[in-house]
Amino acid sequence: MLDRLQDTPPDALLALISQFAADQREDKIDLGVGVYRTDDGATPVFGAVKAGEQRLWEEQDSKSYLGPEGDRGFVHALMPIIFGSDATMGGRIDGLQTPGGTGAVRLAIALAERAGITRVHVGTPSWPNHIPIIEDVGLEAPTFRHAKEDGTADVDAVLSIIRDGREGDAVLIHACCHNPTGIDYSADQWDALAEAFADSPVLPIIDSAYQGLGEGLEEDAVGLRKVLASVPYALIAYSCDKNFGLYRDRVGALYAKVAEPGMLSASMSNAAALARANWSMPPDHGGAAVRIVLRDDAMREQWLEELDGMRQRLRWVRATLAAAGDKVDGIPLAHLEEQNGLFAMLPLDKDQIAKLRDDHAVYMAGSGRINIAGLTKGNIDKFIAALADVAA
Ligand code: LMR
């Protein structure tokens with residue numbers, strides 16, 4: 001039976017990891033998959049997370065099962081960070097742990113499907129895994145334009161989806177640090193989104209995978225909180241992969257906001273049943289370490305400082321690229337400074353991307369997305385020169 005299967009290509013983004021590893025050139029530059037890098041090009045474990053893991057090792061006396069909801073202490077410790085001081089919005093928000101942000105998106109879409117959603121609108125370009133997840137759950141994924149040529153968000157496009165939407169529609173939006181464009185909605189645009197959602201049957205599904213890497217931990221949650229304050233129902237997929245550096249430990253959470261406190265148990269019990277049928281229970285280690293970090297004042301302070309350092313370095317990369325704009329003909333770089341997070345899209349064609357790889361050992365996604373965290377004081381000039389070469 002299995003001979004009916006046709007070969008399917010590996011995920012292009014993840015395939016870059018092994019292509020980059022196989023390249024023997026010493027001055028190679030990895031701008032591919034979205035992991036943070038220090039100015040030495042490393043992706044170290046956070047000091048705060050190491051401290052949390054150490055305490056976990058000392059104190060944990062069982063690895064017995066926790067259940068499909070995972071570590072509820074972790075899920076609840078994150079809530080004030082995501083939702084602010086009234087973290088449960090009067091008992092109307094709760095969540096459960098998931099295997100990474102991807103697990104949270106998967107569970108959000110599956111839960112939406114159970115609730116009668118048939119279409120999830122996606123602003124494109126988007127994270128390349130969003131549409132495959134939606135379609136794999138069996139829903140339609142119509143698209144709209146996320147960004148305009150001038151490097152700002154096409155807010156009218158998303159507003160018309162929300163205003164014209166019908167029962168059974170959801171729209172997937174990025175809370176901050178849009179992947180892959182780096183182009184976020186402004187505060188005024190979030191106000192317009194919140195207002196439009198308030199009068200619309202369209203369900204907001206908000207993917208928050210980069211909180212703290214854009215403008216700041218609080219600032220990056222402003223839009224999400226505005227939308228939540230104006231709608232009866234929403235789903236929020238959250239990832240700790242980047243802001244705690246826990247990538248391979250797969251640490252995420254799905255939250256549901258409902259109209260009345262009494263309605264939460266239906267959302268939570270259905271999400272738990274779906275989790276049980278998918279992965280049974282999420283991996284515990286990383287979530288438990290995050291819980292310990294967030295509940296300990298000193299570790300929490302250390303985490304905030306480390307996150308600040310990441311954000312400042314990303315801002316330095318953006319400012320340096322923007323300032324080099326006049327050295328690169330035809331590839332606008334100035335607007336990168338206004339954008340947020342790990343990613344930016346460069347208007348490069350296939351040949352230019354291949355030339356960057358073959359002639360300059362610069363690896364990036366085939367879409368033109370770069371992970372700016374791969375740029376350091378040691379390699380950013382080489383990258384700018386390489387861009388100027390392929391642009392010429
Ligand atoms: C990315 O977009 O590079 C990251 O979110 C990693 C992934 O899983 O694709």
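**The ligand and its two domains**

Reader: How many nonpolar, polar and charged residues does the shell around the ligand have?
Author: This is a predicted model. Leu-13, Val-33, Gly-34, Trp-127, Asn-179, Tyr-210, Lys-242 and Arg-369 surround the ligand. Sorted by class, the shell holds four nonpolar, two polar and two charged residues.

Reader: Which pocket does the ligand take up, and what share of the ligand's accessible area does the protein cover?
Author: The ligand occupies the space of the largest pocket. One oxygen contact there comes from the backbone: an N or O atom of Gly-34 is 2.6 Å from a ligand oxygen. On its own, the ligand has 260 Å² of accessible area, and the protein covers 79%.

Reader: Where does a polar side-chain atom of Lys-242 lie relative to an oxygen atom of the ligand?
Author: Two side chains can be taken in turn. Asn-179 places a polar side-chain atom 3.0 Å from an oxygen atom of the ligand. For Lys-242, the distance from a polar side-chain atom to a ligand oxygen is 3.2 Å.

Reader: Why does the ligand lie between domain 1 and domain 2?
Author: The domain assignment splits the chain into domain 1 (9-45 + 300-391) and domain 2 (65-295). The ligand lies between them because its shell takes residues from both domain 1 and domain 2.

Reader: How many residues of domain 1 are in contact with domain 2?
Author: The C-alpha centres of the two domains are 26 Å apart. Contact still joins domain 1 and domain 2. On the domain 2 side, 25 residues take part; on the domain 1 side, the number is 22.

Conventions
Residues numbered from 1 in each chain as written. Predicted model: local features only at pLDDT ≥ 70, side-chain atom pairs only at ≥ 80, totals over all residues. Heavy atoms only, no water. Near = heavy atom within 4 Å. Polar contact = N/O pair within 3.5 Å; in protein donor to acceptor, adjacent residues only side chain to side chain. Areas by Shrake-Rupley, 256 points an atom, 1.4 Å probe, with all protein chains shown as cover. 1 Å grid on protein atoms, 1.4 Å probe; cavity = no way out; pocket = protein on both sides within 12 Å on 5 of 7 lines; lining within 4 Å. Sits in = over half its atoms within 2 Å of the grid points. Nonpolar A, V, L, I, M, F, W, Y, C, P; charged D, E, K, R; others polar. Domains from an automatic or database assignment. Contact = heavy atoms within 4.5 Å.
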